[in-house]
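Me: I would like to learn how to read a protein model step by step, beginning with the overall picture and then moving to single residues. Could you take me through one?

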Amino acid sequence: MRKKILITGGAGFVGSHLCERLLNEGNEVYCLDNYFTGQKKNVIHLLDNPYFELIRHDVTTPFFIEVDQIYNLACPASPVHYQYNPIKTMKTSVMGAINMLGLAKRVNAKILQASTSEVYGDPLVHPQTESYWGHVNPIGDRACYDEGKRSAETLFVNYHKQNNVDIKIIRIFNTYGPNMHPHDGRVVSNFIVQALQNQDITVYGEGNQTRSFQYVDDLVEGMIRLMNSRDGFTGPVNVGNPNEFTILELAQKVIKLTGSKSKIIYKPLPSDDPMQRQPDISLAKKELDWSPKVQLDEGLIKTISFFKTVI
Ligand code: NAD
Ligand code: UDP
């Protein structure tokens, strides 16, 4: 049956893939965005679809619409962008959550929060399970994002307990793919753009910090499975690819796959940069019957093809 679905942050990297997939499944999709890091370009090909609507709006102010489901993605996700205006970042997470939860309560919609592995901070437990409470510096440069997302989780859980709102919380680990902005600032897009332009590849620190990279199609599948998971299952649930790489390994892979002449250079490690990150996805496997399908080389090849068309 056709559902009415609101996607905040829908013109961003992940949101644009989610809009397309949910439209293809026959739903009516309302894409809401203030275009801070997202772009109309990401969803322009969907505008001909009569079941797609693009709305310019900022989630820090209330929004009213009748929908069945809400995916709350609005929030800058790259450290460069979320640190540009940390107060606004926190308002987006906290006030955005309040406004969207209020809407969900009013119209009786199911609501999914795009949370993050950043709630684990610089983790002391490895790999990270959902039961780990995390290790976040509340006054550091990343705090506006990490604590904003942690507060949003608290709001979600309390709207569920107090007002019976049907919530789902997904903790997303580093995700990459087509539609990332060339100047997004995150590591995969930076390295690919640098490699394609034969510029120096900027590794921060010594490059021995790790991340586990997930291709966007796997994430979208996990989000939709979580939204449609059994009643009473709220999460939080980790969704990410457990294959872990050092940042130096990633740089070498990107150079190899692009055939680039770029050299690796080293720049200072940003403050509070987590040293390692790897999801434990046992819960997603059990509750969502989900596991990632696209491994790093395959996903990088698809992402490199995309960047060749936009830079
Ligand atoms: P993105 O920056 O490409 O997308 C975020 C979107 O939100 C953009 O379109 C932006 O314009 C919009 N936005 C920002 N502030 C807004 C506001 N106040 N009102 C309305 N729209 C606003 O980032 P993304 O990678 O697509 O991330 C999407 C969501 O997933 C974010 O909530 C992010 O925290 C979460 N997430 C992403 C990753 C990842 O690796 N991609 C990892 C963990 C969590
Ligand atoms: N990084 C890097 N060079 C870059 C961009 C990022 O070495 O040009 C590093 C960054 O310091 C971090 C890792 O890559 O250790 C992942 O960074 P990103 O911003 O993609 O995500 P996050 O730190 O939020 O996981």
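**Reading the model, from the whole to the parts**

Reply: Let us start with the burial of the whole chain, keeping in mind that this is a predicted model. Of the 311 residues in the protein, 46% count as buried.

Me: How many helices and strands make up the secondary structure of the protein?

Reply: The secondary structure comes to 9 helices and 13 strands. The UniProt annotation, from an unreviewed entry, places "domain: NAD(P)-binding" over residues 6-301. Over that stretch the chain is 36% helix and 18% strand, and the C-alpha atoms at its two ends lie 31 Å apart.

Me: What radius of gyration would a compact globule with 311 residues have, and what does the protein have?

Reply: The idea is to set the value for the model beside the value for a compact globule with that number of residues. For 311 residues, a compact globule would have a radius of gyration near 19 Å, and the protein has 19 Å, so the two agree. Along its principal axes, the C-alpha trace spans about 55 × 45 × 40 Å. Contacts add another view: among those between residues at least 6 apart in sequence, 80% join residues at least 24 apart.

Me: Which residues are closest to ligand 1?

Reply: A ligand can be read through the shell of residues that surrounds it. Ligand 1 is surrounded by 27 residues, of which the closest are Gly9, Gly12, Val14, Thr37 and Gly38. The elements that give two or more residues to this shell are α1 (13-24) and β5 (110-116), and the largest share, 3 residues, comes from α1. By class, the shell has 13 nonpolar, 12 polar and 2 charged residues.

Me: Which residues come nearest to ligand 2?

Reply: Here the shell holds 15 residues, and Arg186, Val187, Asn190, Thr202 and Tyr204 come nearest. Two or more residues are given by α5 (187-196) and by β8 (201-204), with β8 supplying the largest share, 3 residues. The shell around ligand 2 divides into 7 nonpolar, 5 polar and 3 charged residues.

Me: Let me try a single residue. Is aspartate 33 buried or exposed?

Reply: One counts the C-beta atoms around it, and a residue is buried if 20 or more others lie within 10 Å of its own. Aspartate 33 has 28 C-beta neighbours inside 10 Å, so it counts as buried. This aspartate is found in strand β2 (residues 28-33). Leaving aside its neighbours within four places in sequence, aspartate 33 is in contact with Gly9, Gly10, Ala11, Gly12, Gly38, Arg56 and Ala74. Its C-alpha atom and that of glycine 15 are 9.6 Å apart, although the two residues are separated by 18 residues along the chain.

Me: How should I read the length of a helix, for instance α3?

Reply: The general idea is to compare an expected span with the distance between the end C-alpha atoms. At 1.5 Å a residue, the 22 residues of α3 (residues 86-107) should span 32 Å, and its end C-alpha atoms are 31 Å apart, which agrees. Its buried residues, among them Thr89, Met90, Ser93, Ala97 and Leu101, pack against β1 (4-8), β4 (69-72), α2 (79-82), β5 and α4. Helix α4 (residues 143-163) can be read in that way too: its 21 residues should span 30 Å, and the ends are 28 Å apart, which agrees.

Me: Where does asparagine 108 lie, and is it buried or exposed?

Reply: Asparagine 108 lies in the loop between α3 and β5, and it is exposed, with 12 other C-beta atoms within 10 Å. It takes a positive phi of about 60 degrees although it is not a glycine. Asparagine 179 also has a positive phi, of about 80 degrees, and its place is the loop between β7 (175-176) and α5. With 22 other C-beta atoms within 10 Å, however, asparagine 179 is buried.

Me: Which residues does a cis peptide bond join?

Reply: For this feature one reads the omega angle of the peptide bond. A cis bond joins histidine 126 and proline 127, with omega about -10 degrees, and proline 127 lies in the loop between β5 and α4. The bond from glycine 235 to proline 236 is also cis, with omega near 5 degrees, and proline 236 lies in the loop between α6 and β11 (237-239).

How values were computed. Residues numbered from 1 in each chain as written. Chains lettered and ligands numbered in written order. Predicted model: local features only at pLDDT ≥ 70, side-chain atom pairs only at ≥ 80, totals over all residues. UniProt positions renumbered as here; feature names shortened; annotations may be inferred. Helix = DSSP H or I, 4+ residues; strand = E, 2+ residues; numbered from the N terminus. Rg over C-alpha atoms; globule rule 2.2 N^0.38 Å. Contact = placed C-beta atoms within 7 Å. Near = placed C-beta within 6 Å. Nonpolar A, V, L, I, M, F, W, Y, C, P; charged D, E, K, R; others polar. Expected span 1.5 Å × (residues − 1).
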